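Biologist: Could you take me on a close look at a single part of this protein, one strand and the partners beside it? Please start with the whole chain and then zoom in.

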Amino acid sequence: VLVGRVVDNTGQPIKMAQIQAGDLVTLSDYNGYYALEGLPEQAVTVRFSAQGFGDVYRRIQGFDGQSFADVVLTPAFFVDVDPGAGGVALSPSGASI
């Protein structure tokens, strides 16, 4: 079983994050904790995703018991840009993009 916690970049738990490895899927609870059961013994890629956040992929090497993977998801942001409007687009940190 793969267990861990999904949080945002401020350390706040992300509830209902999806944790997926092939056909195996689970969701994090209200406090960001999850358990993904039934993983094969060989290495697998696990995808962590949540609405409004960028996906994170972790390669989990084969295991025969319990493994731990705590994950930090970073907010995703999308900007609609009108090229004719002029101006400068800024990231949340204030950097020009």
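Modeller: Happy to! The protein exposes about 6400 Å², of which carbon and sulfur atoms supply 51%; such areas come from the Shrake-Rupley method with a 1.4 Å probe, and for residues only the protein chains shown count as cover. This is a predicted model, where local features need pLDDT of at least 70 and side-chain atom pairs count only at pLDDT 80 or more, while totals for chains, interfaces and linings use all residues. Residues are numbered from 1 along each chain as its sequence is written, and side-chain values use heavy atoms, with hydrogens and water left out.

The protein has eight strands and zero helices, counting DSSP runs of E with at least two residues as strands and of H or I with at least four as helices, numbered from the N terminus. Of its 97 residues, 30% count as buried, meaning under 20% relative accessible area, with exposed over 50% and partly exposed in between (1.4 Å probe, protein chains only).

Now for the close look, at strand β2 (residues 18–21). I19 and A21 make up its covered face, whereas Q18 and Q20 lie on the uncovered one. On one side, β2 pairs with strand β3 (residues 24–27) in the antiparallel sense over four bridges; strands pair if DSSP finds at least two bridges between them. A21 has L24 in β3 as its bridge partner. Two residues sit between the strands of this hairpin, and G22 takes a positive phi near 60° there. β2 also runs antiparallel to strand β5 (residues 44–49), joined to it by three bridges. In that pairing, Q18 stands opposite S49.
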